[in-house]
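Welcome! Open the structure in your viewer, keep the selection tool at hand, and follow along one stop at a time.

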Amino acid sequence: MRMTRYFLPVLREIPSEAQITSHKLMLRAGMIKQAVSGIYSWMPLGLRVLQKIERIVIEEQERAGHIPLLMPTIQPASLWQKSGRYDDYGEEMLRIRDRHNRDLLYGPTNEELITEIFSSHVKSYRDLPLTLFHIQWKFRDEMRPRFGVMRGREFLMKDGYNFDIDMDAAIHSYNRHMVSYLKTYERLGLKAIPMRADTGPIGGKYSHEFLVLADTGESEVFFDKRILNYNFGISELNFDDIDECQSIVDKWTIPYARTDETHDQETFDREVSQEHQGISRAIEVGQIFYFGTKYSEPMGALVTNSEGMHVPVHMGSHGIGVSRLVGAIIEAYHDEKGIKWPIVVAPYKVGIINAVMGDKESCEVSERIYNELNNANLEPIYDDRDERAGSKFNTMELIGIPWRITVGPRGLKKGVVELTNRYNGDRVEVPTGNIVNTMNKMGDCILD
RNA sequence: CGGGGUGUAGCGCAGUCUGGUAGCGCAUCAGUUUUGGGAACUGGAGGUCGUUGGUUCGAAUCCAAUCACCCCGACCA
């Protein structure tokens, strides 16, 4: 992308509405624009990041065997009346009425809708297990939205729902989700710790929240610090292997890790020695639930089991806050100059700075490098604006592009351009020829 | 929803106490000179001072109502 043709409304000054780092940086980097309290437009740069995260989430879901579909944002009130949640959900649910006076709502979650879909098509245990998911905008009319996309009213969420024949099978689905979530967060460059959680309005007995430690987090968490050394790794695993999933879940959930809702100081002291006790603020980036037949019973989601009996399916639901993750990643990856995107979610991978627009050779070499990187799918963004070099450096650092190639007469005299790593500041001079090779050799080392 | 704060140009702010018809920095537009860490000069454009009503000869300024946004709390992916 050429900056002269792009729409990148960066701000030099921090809008007064923002308090926390990620919100300030998202506004300054021109990623979002508030439409009204807790509701944002995603500007081109922000959208690219959002979509990259979405892509990773989808890939990991499909890898775990979960099936994508897409449900609407608007739902009929009647479904929620059937489950009994229409009255329970309260003011957080945005209720709407259409021209025929029918009661609708902007979905805060989709248990009812998915159960309806499931029950009208699945009748036999032979079709189980089944896990369906989608990534869709949700709306929860928070009393007090804040922190930008971290706590908006409208938010993008991946929510998935598993259907199993009995509790044992559903627990495996629960475990499978935990494993795939751990993998997803790790790919995104985040250390997310599963913590025992309250089930809230979703209901049920089993639930874990995934929390990323950050000073600006909304929850206070208590955990065994040794969990921080755990690495999921990228090794292949079989999501259908019940024992393998269970052992991973055990490893991650046996050490003490709880939010303030479920924290118990006595247990904490008994299970974790003083030196290993960790207390921190944290951002919740996902949650998984097993709730059995809470929805399948009232909504009549029955299947025939192997004995020919009609039984309600066992269900769970699972959410990843996709739009919130954008903020969470920035909280984890930034410095005083701006964002430092992990390369897997970076909106562009390489920024090209033409340091002297008046210099003919600089322009030619910049153009050539831009075209080469583009053709190699290395997602370059070329700052071809007629600006001072300093201004371009600052913009590139603010928007967090992982690699920067600086082209200018100083280097070109020696036949080199400067390659700078946003993550650690390392810079090397590289020959102007075959930049694509050089970049490919650099690999994905930004998460290390 | 309780408590507090703020609304003045795209962004950041001053002016409000003490009423006299709006200003600064950045951004923006034109031109010239510049050009490796947010350039300089010259000239220009841009504001129903959140909204409505009131007081007054006169309101950004005083009074009232209202709306919006932000912060602290209680609640949530």
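The domain bounds used on this tour come from an automatic or database domain assignment. Keep in mind throughout that this is a predicted model.

**Stop 1: the two domains**

Start by colouring chain A in two parts: residues 31–332 for domain 1 and residues 344–447 for domain 2. Taken over C-alpha atoms, the centres of domain 1 and domain 2 are 39 Å apart. Where the two domains meet, 10 residues of domain 1 are in contact with 9 residues of domain 2.

**Stop 2: the largest nonpolar core**

Next, show the side chains of Met31, Ile53, Tyr185, Phe210, Val285, Val326 and Trp341. In the largest nonpolar core, which has 78 residues, these touch the most other members. Now add helix α6, residues 167–187: with 8 residues, α6 gives the most to this core. Both of your domain colours should appear here, as domain 1 and domain 2 each supply at least three residues to this core. In soluble globular proteins, nonpolar side chains tend to be buried together.

Zoom in on Met31. Which residues is Met31 in contact with, leaving aside its neighbours within four places in sequence? The list includes Met26, Trp42, Leu45, Val49, Ile330 and Ile339, along with Val326 and Trp341.

Apart from the largest core lies another one, of 24 residues; to find it, select Tyr86, Leu105, Val122 and Phe289, which are among its members.

**Stop 3: around the RNA**

Now select RNA strand B and the residues around it. There are 44 of them, and the closest are Arg12, Arg144, Gly152, Glu284 and Glu397. Of the atoms of RNA strand B that come within 4 Å of the protein, sugar and phosphate account for 50%.

Three polar contacts are good to look at one by one:

- Arg140: an N or O atom in its side chain is 3.2 Å from a sugar or linking oxygen of RNA strand B.
- Ser391: here a backbone N or O atom lies 3.5 Å from a sugar or linking oxygen of the strand.
- Gly411: a backbone N or O atom lies 3.1 Å from a base oxygen of RNA strand B.

Then highlight β1 (32–36), β13 (277–292), α11 (389–398), β21 (403–407) and α12 (409–412), the elements that give two or more residues to the surface near the RNA. Which element gives the most to this surface? That is α11, with 7 residues.

Finally, colour this surface by residue type: 18 of its residues are charged, 14 polar and 12 nonpolar.

How values were computed:
Residues numbered from 1 in each chain as written. Chains lettered and ligands numbered in written order. Predicted model: local features only at pLDDT ≥ 70, side-chain atom pairs only at ≥ 80, totals over all residues. Heavy atoms only, no water. Near = heavy atom within 4 Å. Polar contact = N/O pair within 3.5 Å; in protein donor to acceptor, adjacent residues only side chain to side chain. Helix = DSSP H or I, 4+ residues; strand = E, 2+ residues; numbered from the N terminus. Nonpolar A, V, L, I, M, F, W, Y, C, P; charged D, E, K, R; others polar. Core = buried A, V, L, I, M, F, W, Y, C linked by side-chain atoms within 4.5 Å. Buried < 20%, exposed > 50% of the residue type's maximum accessible area, 1.4 Å probe, protein only. Contact = heavy atoms within 4.5 Å.
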